[in-house]
Amino acid sequence: QVQLVESGGGLAQPGGSMRLSCAASGVIFGINAMGWHRQAPGKQRELVATIISGGSTTYQDAVKGRFTISRDNAKSAVFLQMNSLKPEDTAVYYCHAVIKTTGTPLRDYWGQGTQVTVSS
């Protein structure tokens, strides 16, 4: 059974930095896209950043120039380096991956979410 486990959330001050990590475990034949989404209270979940297997990245406009997504294919892991944090970045951040495992086509997997709070 494939699982995504996130780590690295917490409290940061405005202008500060934080790094999120997510590792996939289980029987994995291949990982296509990996990414991060977030959901703030009272709002819909939104895409933050994605990275595909070839390394191409996409970002939500609000985080461009501040956040950097990267991945370690050997460790089935994805990271989100968040700099110049703003209070509006406060949300639960979810790791997402499109994974092929035993006997199934590519499908979506989600982590349990990690809280990021930006406040002074």
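Methionine 18 stands opposite methionine 82 in S8. Their strands are S3 (residues 18-25) and S8 (residues 77-82), which pair in the antiparallel sense over six bridges. The model is predicted.

**The four-stranded sheet**

S3 and S8 belong to an open sheet of four strands. The order is S1-S3-S8-S7, and the pairing is antiparallel. Strand S1 (3-7) and S7 are the edge strands, each pairing on one side only. From one strand to the next, the twist averages 15°.

S7 joins S8 over six bridges, in the antiparallel sense. Here methionine 82 of S8 is the bridge partner of phenylalanine 67. Methionine 82 also stands opposite methionine 18. The hairpin of S7 and S8 has four residues between the strands. In this hairpin serine 76 takes a positive phi near 50°.

Which side chains of S7 are buried? Phe67, Ile69 and Arg71 are, and they point to one face. Thr68, Ser70 and Asp72 point to the other face and are not buried.

**Arginine 71**

Arginine 71 sits in strand S7, which spans residues 67-72. Its relative accessible area is 16%, so arginine 71 is buried. Two backbone oxygens lie by its side chain. That of isoleucine 51 is 3.2 Å from a polar atom of the arginine 71 side chain. For the backbone oxygen of isoleucine 31, the distance to a polar atom of that side chain is 3.4 Å.

The residues that arginine 71 touches, not counting those up to four places away in sequence, include Asn32, Ala33 and Met34. Ser53, Ala77 and Phe79 are also among them. Cysteine 22 is 49 residues from arginine 71 along the chain, and their C-alpha atoms are separated by 9.2 Å.

**Strand S11 and its partners**

Strand S11 covers residues 114-118. Thr114, Val116 and Val118 make up its covered face, while Gln115 and Thr117 make up the uncovered one. S11 runs parallel to strand S2 (residues 10-12), and three bridges join them. In that pairing alanine 12 stands opposite valine 118.

S11 also pairs with strand S9 (residues 91-100). Those two run antiparallel and are joined by three bridges. Valine 116 in S11 is the bridge partner of alanine 91.

**Tyrosine 93**

Tyrosine 93 lies in strand S9. Is tyrosine 93 buried or exposed? Its relative accessibility is 0%, so tyrosine 93 counts as buried. Leaving aside neighbours within four places in sequence, its contacts include Glu6, Leu20 and Trp36. Phe67, Met82 and Val116 are also among them. So is His37.

The tyrosine 93 side chain makes a polar contact of 2.9 Å with the side chain of arginine 38. A polar atom of the tyrosine 93 side chain also lies 2.6 Å from the backbone oxygen of aspartate 89. Serine 7 is 86 residues from tyrosine 93 along the chain. The C-alpha atoms of these two are separated by 10 Å.

**Histidine 37 and threonine 50**

Histidine 37 is part of strand S4 (residues 30-39). Histidine 37 is buried, because its relative accessible area is 14%. Outside the residues up to four places away in sequence, histidine 37 touches Arg45, Tyr94 and Trp110, among others. Tyr93 is one of its contacts too.

Threonine 50 is found in strand S5 (residues 46-51). With a relative accessible area of 17%, threonine 50 is buried. A polar contact of 2.4 Å joins its side chain to that of threonine 58. Apart from neighbours within four places in sequence, its contacts include Met34, Gly35 and Ile69.

**Arginine 45 and the rings**

Which rings does the charged end of arginine 45 sit over? The table gives both rings and the distance to each centre.

| Charged end | Ring | Distance to ring centre |
|---|---|---|
| Arginine 45 | Tyrosine 94 | 3.7 Å |
| Arginine 45 | Tryptophan 110 | 4.8 Å |

Tyr94 and Trp110 are also touched by histidine 37, as is Arg45. How many aromatic pairs does the model hold? The count comes to zero, by a rule that needs ring centres within 6.5 Å.

Key
Residues are numbered from 1 along each chain as its sequence is written. This is a predicted model: local features need pLDDT of at least 70, side-chain atom pairs count only at pLDDT 80 or more; totals for chains, interfaces and linings use all residues. Side-chain values use heavy atoms; hydrogens and water are left out. Buried means under 20% relative accessible area, exposed over 50%, partly exposed in between (1.4 Å probe, protein chains only). Contact means heavy atoms within 4.5 Å. A polar contact is a pair of N or O atoms within 3.5 Å; within protein, one must be able to donate a hydrogen and the other to accept it, and residues adjacent in sequence count only if both atoms are side-chain atoms. Two strands pair if DSSP finds at least two bridges between them. Axes are lines fitted to C-alpha atoms, for helices over the stretch in contact, and angles run from 0 to 180 degrees between N-to-C directions. Rings of Phe, Tyr and Trp (its six-membered ring) pair if their centres lie within 6.5 Å; planes under 30 degrees apart count as stacked, over 60 as edge-to-face and the rest as tilted. A charge sits over a ring if NZ of Lys or CZ of Arg is within 6 Å of the ring centre and within 35 degrees of the ring normal.
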